[in-house]
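Trainee: Could you take me through one part of this model in close detail? I'd like to follow a single helix and see what it sits against.

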Amino acid sequence: MAIRMPRIIQARQILKRPLSNGGSIPASMDIPKGYFAIYVGEQEKKRFVVPVSILSEPRFQQLLHQSEQEFGYNHPMGGITIPCSEDVFTDLASRFGAF
């Protein structure tokens, strides 16, 4: 368990990064290898950086299908947008060990 703690701390630090980082580094470059950014929320979208391993989870795949139904492949935020509340997503992602 202690071995995973640094990864959890790192993931939380990544998740706390603001959407805009002052323009010094493009947002796409501040994502560590093995992770990707998604936007979650019903009204106001919040950016999360999650491990690619979450893509294999059936429940996350259902969210991706809902996203496809709602947005198609033209996502308004320029990245994958998940149409659910932030609370639902964080609960789901924490069950998968994403953070």
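**A close look at helix α3**

Mentor: Let's go with helix α3, residues 86-95, where Phe-89, Leu-92 and Ala-93 are buried. Looking down the axis of α3, you find those buried residues within an arc of 95°, so they line one face of the helix. The general rule behind that is simple: an α-helix has 3.6 residues a turn, so residues three or four places apart point the same way. Over on the other side of α3, Asp-87 and Arg-95 are exposed. Keep in mind as we go that this is a predicted model.

What does the buried face of α3 pack against? Its buried residues pack against β1, β2 and α2, the last of these being residues 58-71. Take Phe-89 as the example: this residue belongs to α3, and its relative accessible area is 1%, so with the buried cut-off at under 20% it counts as buried. Phe-89 also gives you a nice link across the chain, since its C-alpha lies 8.6 Å from that of Gly-41, although 48 residues separate the two in sequence.

Gly-41 takes us to the strands. It sits in the hairpin of β1 and β2, which has five residues between the strands, and it takes a positive phi near 145°. The helix has a glycine of this kind just after it as well: Gly-97 follows α3 and has a positive phi of about 80°.

Now for β1 itself, residues 35-40. Six of its six residues are buried, so the strand is largely enclosed by the rest of the structure. Tyr-35, Ala-37 and Tyr-39 point one way from β1, while Phe-36, Ile-38 and Val-40 point the other way, and all are buried. The strand has partners too. It runs antiparallel to β2, residues 46-51, with six bridges joining the two, and Phe-36 has Val-50 as its bridge partner in β2. With β3, residues 80-82, β1 runs parallel through three bridges; there, Tyr-39 is partnered by Thr-81.

Put helix and strands together and you get to the nonpolar core. The largest one has 13 residues, and those touching the most other members are Ile-38, Val-40, Val-50, Phe-60, Leu-63, Ile-82 and Phe-89. So who supplies this core? At least two residues come from each of β1, β2, α2 and α3. Our helix residue Phe-89 is on that list of most-touching members, and so is Ile-82. If you want to trace contacts by eye, Ile-82 is a handy place to start: leaving out residues up to four places away in sequence, it touches Ile-38, Tyr-39, Val-40, Gly-41, Phe-60, Leu-63 and Leu-64. Notice that Gly-41, from the hairpin, turns up there again.

Next, the charged side chains of the helix. Side chains of opposite charge can pair when their charged atoms come close. How many salt bridges does the whole structure have? A search finds two. In one of them, the side chains of Lys-46 and Glu-86 meet at 3.3 Å, N to O. Lys-46 lies in β2 and Glu-86 in α3, so this pair ties together parts that are 40 residues apart in sequence. Both ends are partly exposed, Lys-46 with a relative accessible area of 37% and Glu-86 at 31%.

The other bridge stays within the helix. Arg-95 pairs with Asp-91, their closest N and O atoms being 3.0 Å apart. The two are four residues apart in α3, and so are separated by about one helical turn. Arg-95 comes out as exposed, at 63% relative accessibility, whereas Asp-91 is partly exposed at 38%.

Finally, step back to see where the helix fits. The protein has three helices and three strands, arranged along the sequence as α-β-β-α-β-α. Buried residues make up 32% of its 99 residues. Among contacts with a separation of 6 or more, 47% are between residues 24 or more positions apart. As for the surface, the protein exposes about 6,600 Å², with carbon and sulfur atoms supplying 54% of it.

Notes: Residues numbered from 1 in each chain as written. Predicted model: local features only at pLDDT ≥ 70, side-chain atom pairs only at ≥ 80, totals over all residues. Heavy atoms only, no water. Buried < 20%, exposed > 50% of the residue type's maximum accessible area, 1.4 Å probe, protein only. Pairing = 2+ DSSP bridges. Arc of directions from axis to C-beta. Contact = heavy atoms within 4.5 Å. Core = buried A, V, L, I, M, F, W, Y, C linked by side-chain atoms within 4.5 Å. Areas by Shrake-Rupley, 256 points an atom, 1.4 Å probe, with all protein chains shown as cover. Salt bridge = Lys/Arg side-chain N within 4 Å of Asp/Glu carboxyl O.
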